[in-house]
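Trainee: Could we go through this model together, one question at a time, with the reasoning spelled out before each answer?

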Amino acid sequence: MTTTDSALPDTALPDTGLPDTADTSSPAALASVVPNVADAQLEREILRRRTFAIISHPDAGKTTITEKLLLYGGAIQQAGSVTAREGMRHTTSDWMSIEQQRGISISSSALTFEYAGRHINLLDTPGHQDFSEDTYRTLTAADSALMVLDAARGVQAQTEKLFAVCRNRGIPILTFINKMDRPAVDPFELLEQVESTLGIAAIPLTWPIGDGPDFKGVYDLQAKQVLVFERTARGKQRAPVQVAGLHDPELHRLVGADLAAKLRQDVELIEGAMDAFDQNAFLSGELTPVFFGSAMNNFGVEHFLSRFVDLAPPPGPTETNLGERDPEAPFAGFIFKLQANMSKAHRDRTAYMRVMSGHFARGMDVTHTRTGRKLRLSQAHTLFAQDREKVEDAYPGDIVGLVNPGVFQIGDVISLDARLHLPGFPRFTPETFATLSLRDVGKRKAFMKGLTQLAEEGVVQVFYPTDGARDPYLGAVGPLQFEVFQARLAEEYSVEVEMHLTSYELVRWLAGDTASVARFARHVEDDQGRPVMLFRSSYDLDYTQQQHPEIEFLPLPKDLTRV
Ligand code: G4P
């Protein structure tokens with residue numbers, strides 16, 4: 001979208017004095033002109049950051065695990081009750097399911113808590129029961145992912161899709177097999193499923209002792225300790241954990257002779273037949289360490305967290321047009337999510353920025369590299385429910401909410417170095433298309449505003465007929481995005497629309513000699529005015545392509561890349 005000076009009342013500022021071409025690629029080059037925290041402190045803060053997201057099929061227990069992680073991280077005091085402890089820092093948006101299901105106030109897209117000296121940022125992958133572009137984008141801001149599986153169901157369709165995105169990005173994945181207090185699939189079979197369906201080695205770090213009503217706990221294969229499961233009132237307190245050795249006679253007493261013998265047998269098999277855990281293979285995405293537990297019963301989650309902080313990587317380099325940018329380089333961040341109307345108290349737009357390098361200090365002067373504009377980042381904040389807290393400092397891996405006066409687009413970079421861009425930010429080719437009609441034509445102005453803002457967030461993509469006479473087409477990766485669009489238009493802009501799915505299935509951006517396309521009815525333009533054509537089938541596309549060899553038909557605009 002275009003940016004005008006009037007759109008920048010708070011952030012526009014005179015030139016910083018730094019030439020756009022200044023060499024800002026190293027701390028040394030910048031030290032004389034830009035205030036920066038001491039290198040040692042930056043290094044320390046980077047090393048203690050862990051930024052991750054949870055991926056799972058709906059119902060596997062993502063919400064419950066999140067809640068328990070917050071409990072152990074001290075961010076909430078008692079799961080199922082409320083609430084924020086002072087000092088908890090976070091940014092906002094739609095941690096809807098926790099709020100709705102549990103009646104607690106955790107409205108956030110990045111929850112932050114401290115555990116064992118680590119600063120943990122947990123990113124919400126949106127609570128939609130369908131896959132969406134939003135989820136993919138959020139994963140671009142994570143350094144690792146926790147895959148949660150339901151022990152009775154194993155790998156499910158949604159897990160596969162989300163897993164593929166993590167795989168694509170090469171981020172390390174940890175696995176938590178949840179609901180062991182229910183009858184479960186045999187653990188060896190679950191590991192086999194992960195390996196065969198997802199194509200990644202699954203190496204257990206803990207091993208379940210029984211399942212369902214006989215679930216007695218887990219054996220820590222590295223520490224060679226037994227963590228005994230005791231049922232507690234649902235999620236109300238930390239589960240007591242006793243520890244004994246595998247050959248400790250105490251084990252019989254704790255889990256019974258049969259399960260003790262089975263455990264010894266299983267462990268023998270694991271130690272004899274499976275590869276040992278290899279940290280490098282995990283970091284390169286070839287292996288996933290597997291934990292077992294029961295989040296609802298608080299069991300295994302803290303143990304997981306205590307291992308996670310050592311296993312999961314701190315922020316690493318980011319691929320940019322100028323090569324890999326180390327987190328120690330001067331400040332740069334990228335926008336991975338936009339959201340309008342997050343709270344009724346603040347009806348504005350927020351851009352979510354992940355710090356990719358350097359120290360972020362509120363009020364610092366940076367360049368918005370797509371437009372070349374200078375910005376002063378004085379409007380940086382976290383959000384908690386309806387309240388906002390200012391963010392004074394942030395480090396690589398942290399998520400900062402920036403007030404967005406219409407400047408930012410997803411994938412934008414803000415940086416001390418005006419030349420920096422992210423060429424590989426994921427964009428998606430829509431696969432389903434709808435038209436819509438306005439119930440009250442008097443609401444056209446509010447409708448256009450909602451359409452523009454929601455499209456900018458990536459809720460849907462908009463395609464405009466070139467004759468201007470008809471309503472636009474909406475494109476989405478999954479049809480659920482249309483429902484979200486419709487609901488948000490009603491809720492946030494008071495505009496009711498009817499949506500009509502079309503028979504179009506494919507979209508292609510056009511390049512080359514496009515003079516002849518004007519005569520096609522299905523010729524449209526995207527929100528940047530690029531020529532686009534819709535097709536009903538791949539046959540339709542192939543035929544048109546044969547008829548018009550002078551035109552290139554591209555799954556995305558030529559200047560964008562695809563995941
Ligand atoms: P999601 O965010 O991945 O969709 O899953 P969520 O945590 O909401 O969990 C889905 C259901 O599974 C919830 O039950 C939750 O209580 C239950 N659950 C989560 N972890 C465990 C576990 O370790 N053991 C068992 N037995 N159940 C577990 P619900 O009936 O949908 O909701 P609720 O009424 O319990 O809140």
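Trainee: Are the residues on the two faces of strand β9 buried or exposed?

Mentor: This is a predicted model, in which local features need pLDDT of at least 70 and side-chain atom pairs count only at pLDDT 80 or more, while totals for chains, interfaces and linings use all residues. Residues are numbered from 1 along each chain as its sequence is written, and side-chain values use heavy atoms, with hydrogens and water left out. Strands (E, at least two residues) and helices (H or I, at least four) are DSSP runs numbered from the N terminus, and β9 covers residues 217–220, with Gly 217 and Tyr 219 on one side and Val 218 and Asp 220 on the other. Taking buried as under 20% relative accessible area, with exposed over 50% and partly exposed in between (1.4 Å probe, protein chains only), these residues on both faces are all buried.

Trainee: Which residue of β10 is the bridge partner of Tyr 219?

Mentor: Two strands pair if DSSP finds at least two bridges between them, and β9 is joined by 4 bridges to β10 (residues 225–228), the two running antiparallel. They form a hairpin with 4 residues between them, where Lys 224 in the turn has a positive phi of about 55°. In β10, the partner of Tyr 219 is Val 226.

Trainee: On the pairing with β8, which residue of β9 is the bridge partner of Thr 206?

Mentor: Strand β8 (residues 206–209) pairs with β9 in the antiparallel sense, over 4 bridges. Within β9, the residue bridged to Thr 206 is Asp 220.

Trainee: At what angle do the axes of α3 and α11 cross?

Mentor: Axes are lines fitted to C-alpha atoms, for helices over the stretch in contact, and angles run from 0 to 180 degrees between N-to-C directions. Contact means heavy atoms within 4.5 Å, and here Ile 65, Lys 68, Leu 69 and Tyr 72 in α3 meet Val 301, Glu 302, Phe 304 and Leu 305 in α11. The axes of α3 (residues 62–72) and α11 (residues 301–311) come within 10 Å, and they cross at roughly 70°.

Trainee: How many residues of α11 are buried?

Mentor: Among the buried residues of α11 are Val 301, Phe 304 and Leu 305, which also take part in the contact with α3. The helix is largely enclosed by the rest of the structure, because the buried residues number 8 of the 11.

Trainee: What is the relative accessibility of Asn 298?

Mentor: Asn 298 is found in the loop between β11 (287–292) and α11, and has a positive phi of about 65° although it is not a glycine. Most residues other than glycine have a negative phi. Asn 298 counts as buried because its relative accessibility is 2%.

Trainee: Which are the edge strands of the open sheet of 8 strands?

Mentor: The order is β27-β24-β26-β25-β29-β30-β28-β31, with antiparallel pairing. An edge strand here pairs on one side only, and these strands are β27 (497–501) and β31 (551–554).

Trainee: At about what angle does helix α13 run to β27?

Mentor: Helix α13 (residues 480–493) lies across β24 (432–438), β26 (473–476) and β27, whereas α14 (residues 538–547) lies across β28 (506–512), β30 (531–535) and β31. The angle of α13 to β27 is about 170°.
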